[in-house]
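Got the viewer open? Let's take a short walk through this one, picking selections as we go.

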Amino acid sequence: MAKTSGTKSAGTRKPTTNPLLAPWRTPFKAPPFASIAPNHFSPAFKAALKAHRDEIAAIAGATSKPSFANTVVALEKSGALLNRVADVFFNLTSAHTNPKLEAIQRDVAPLLAKHQSAVLLNRRLFLRIEDLYARRDSLGLDAEALRLLERVHTNFVRAGAKLDAKSRKRIAEINTELATLGTAFNQNVLADEQAWHMILDSEQDLAGLPESVRAAAAQAATDLGRPGRHAITLARSSVEPFLQFSARRDLREEAWKAWVRRGELGGKTDNRKIIVRMIALRRELAGLLGYENFAAYVLDDTMAKTPDTVRGLLDKVWPAGLKRARAERDALDARARAEGGNFDIAAWDWRYYAEKERKARYDLDEAEVRSYLTLDNVLAAAFDTAGRLFGIKFEERFDIPRYHEDVRAWEVTTKTGGKHVGLFLADYFARPSKRSGAWMSSYRTQHKLKGEVRPIVVNVMSVARGAPGEPTLLSFDDARTLFHEMGHGLHGLLSDVTYPSLAMTNVLHDFVELPSQLYEHWLSRPEVLKRFATHVKTGKPIPDRILKQLAAARTFNQGFQTVEYTASTLLDLELHTREDAGDLDVDSFEREVLERIGMPAEITPRHRIPHFQHIIGGYAAGYYSYLWSEVMDADAFAAFEEAGDIFDRKTANKLKTHIYSAGDRRDALDAYVAFRGRPPEIDGLLRKRGLA
């Protein structure tokens, strides 16, 4: 048991156990958050890094002939302590950070990158893996073990293990610098989000805002130490409803400009120089590895395979989305002028007039829809859907350690036999210590290397909290996001894989969004909404009138949504296939790309480059994957519709076997075909978006 020294008392020094390094004697061995302080992380990382270095040295330096057990399995078992410490740390820096954790993150990010490079570029270790890979057909491995060997070999080769010593050294330097830059980028975005809020002082400032949005703004002001006032923050769940409902055009403009300019405000939080350096380093890295550009490098290990394939998909979607968006813009212009607006629709007007147009066209009132979507009921719907599809149940537990009072915890078990499946943590409310957006992560990975190890999964969102004592109401988009992240969560919880590297969401980047986007479909179904969408005050189920309105309005504003997303995808792709080796001017580049593709001035990309956190992390040259997975999710849900029952047991069992529980045991397309019986068809995506 590793220890750190404690404080002096009566002339002696008592050892104090570091909880990150000690056994966790908590229910289900969950992280003991209450015992963990920021000062525990640096010594824990130091000890865990040393332990992993020693393990790698033993594997690489073994004198025995390489075998699957003494090399690949040993590699899978190594680094358990490091993974445990890192999982706790990086989940906290995303969901509940503070200046001390941020300082540690700036120090530890380059250390971890350097360590990872040292492992993946270890020549002696790679030669053992290479030997096994060359003999893989004669090793007698089962399909999963063979898949692991192939993936491990691919990962080492893609990291540069085959290159000469000079190139390997340079790659390690690049990876370390990229880690440092990426940490700074993300912390700058969070700092800009934390620094801005808008206090609404009068009834005039609140004009147009429905009661649910007012209540959330009142709670936001209370959280900011301004009780009795109303505040709009840069949490998406705060700023987007304000843009949608506020009758104050001047305040909408102010909020919109703050939202879209994160990361480019000048000063120490400006991300443009960071982006320039990161793109240059990625270009150099791709060149060292033998690729024309960074996108070609990234996509070589995806379902898409090449930038041209991605462009082919975007070329089908972009023109259809653009045509639809232009028609939508004309309708909104007409509505604004009919109401006396002597101006052309601007970007800060779109959501406001789109809401008016939707209400006029479909008699659908977003505020009324919210009154039927309490957070607890939507969560219950997500749990029930999982139970009906996959035979599991969620029981809330109050003895599980939590890192914040907002977090709730459930034990997930099988309905038959009550077998433990995993722990599910949910953290849904916006707060300054949390980055904006929504995501799924884990505190423990499922595997079977050392007995049955079940996962600890967390879903995080940034929903505006309801007033004290009042239920939190969700927009339909928020409810869809909750189902989306639950889909990721189920991909983790249902994992049934031997090796951790293949488990849970460790799949190809353009396959990982399939389980999440597919799960969204169940939310929209009357079979779900009639049971769980009940009025916040009367408890009555959502009326058929609203269900019909929701169905009729399903593709409303899809031109806008398609354009704002696809524009970000094109920016990502163009950024990482850029041929000009000269210095990048981020502002000019973004402007030129958007002008070239015909981006409407009234729509802003969903993520502009200075705050595009997806492409700083795992989605660099891969933001298209949401659209790629949407091709599959529309096609996959059709399998249930064709079966005549959205909870069809046979179809659900195939879905669980081949998608949700399978991790990366087999090629992604093979896994999809095993479920669907054929490759996916793009027509379903265009129909789903109303673009066909």
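This tour of a predicted model goes from a sheet and its helices to the cavities.

**The sheet.** Start by selecting the five strands that make up an open, mixed sheet, ordered β5-β6-β7-β9-β8. Colour β5 (392-397) and β8 (439-444) differently: these are the edge strands, each with a single partner, so one side of each has no neighbour in the sheet. Look along the sheet and you'll see a twist that averages 30° from one strand to the next.

Now zoom in on β5 and β6 (residues 408-414), an antiparallel pair with six bridges. Show Lys393 and you'll find its bridge partner, Thr413, in β6.

**The helices on it.** Add α16 (residues 375-390), which packs on the sheet and touches β5, β6 and β7 (420-429). The direction of α16 is at about 140° to that of β5. Next, bring up α17 (residues 476-493), lying across β5, β6, β7, β8 and β9 (456-463) and running at about 165° to β9.

**The cavities.** Time to switch on a cavity display: there are five of 30 Å³ or more. The largest holds about 140 Å³ and has 18 lining residues, with Trp256, Val260, Arg351, Thr604 and Pro605 nearest its centre. Select α10 (249-260), α14 (350-362) and α21 (558-576), which each give two or more residues to that lining; α10 gives the most, three. By class, the lining has eight nonpolar, three polar and seven charged residues.

Last stop: the second largest cavity, about 60 Å³. Its lining includes Ile279, Asn293, Phe294 and His576, and α11 (272-288) and α21 each supply at least two residues. Here the lining divides into three nonpolar, three polar and three charged residues.

Methods
Residues are numbered from 1 along each chain as its sequence is written. This is a predicted model: local features need pLDDT of at least 70, side-chain atom pairs count only at pLDDT 80 or more; totals for chains, interfaces and linings use all residues. Side-chain values use heavy atoms; hydrogens and water are left out. Two strands pair if DSSP finds at least two bridges between them. Helices (H or I, at least four residues) and strands (E, at least two) are DSSP runs, numbered from the N terminus. Axes are lines fitted to C-alpha atoms, for helices over the stretch in contact, and angles run from 0 to 180 degrees between N-to-C directions. Contact means heavy atoms within 4.5 Å. On a 1 Å grid over the protein atoms alone, a cavity is a set of points where a 1.4 Å probe fits but cannot get out, and a pocket is an open set with protein on both sides within 12 Å along at least five of seven lines; lining residues have an atom within 4 Å of a point. Grid points are joined across faces, edges and corners, and a volume is the space filled by probe spheres set on the points. Ala, Val, Leu, Ile, Met, Phe, Trp, Tyr, Cys and Pro count as nonpolar, Asp, Glu, Lys and Arg as charged, and the others, Gly among them, as polar.
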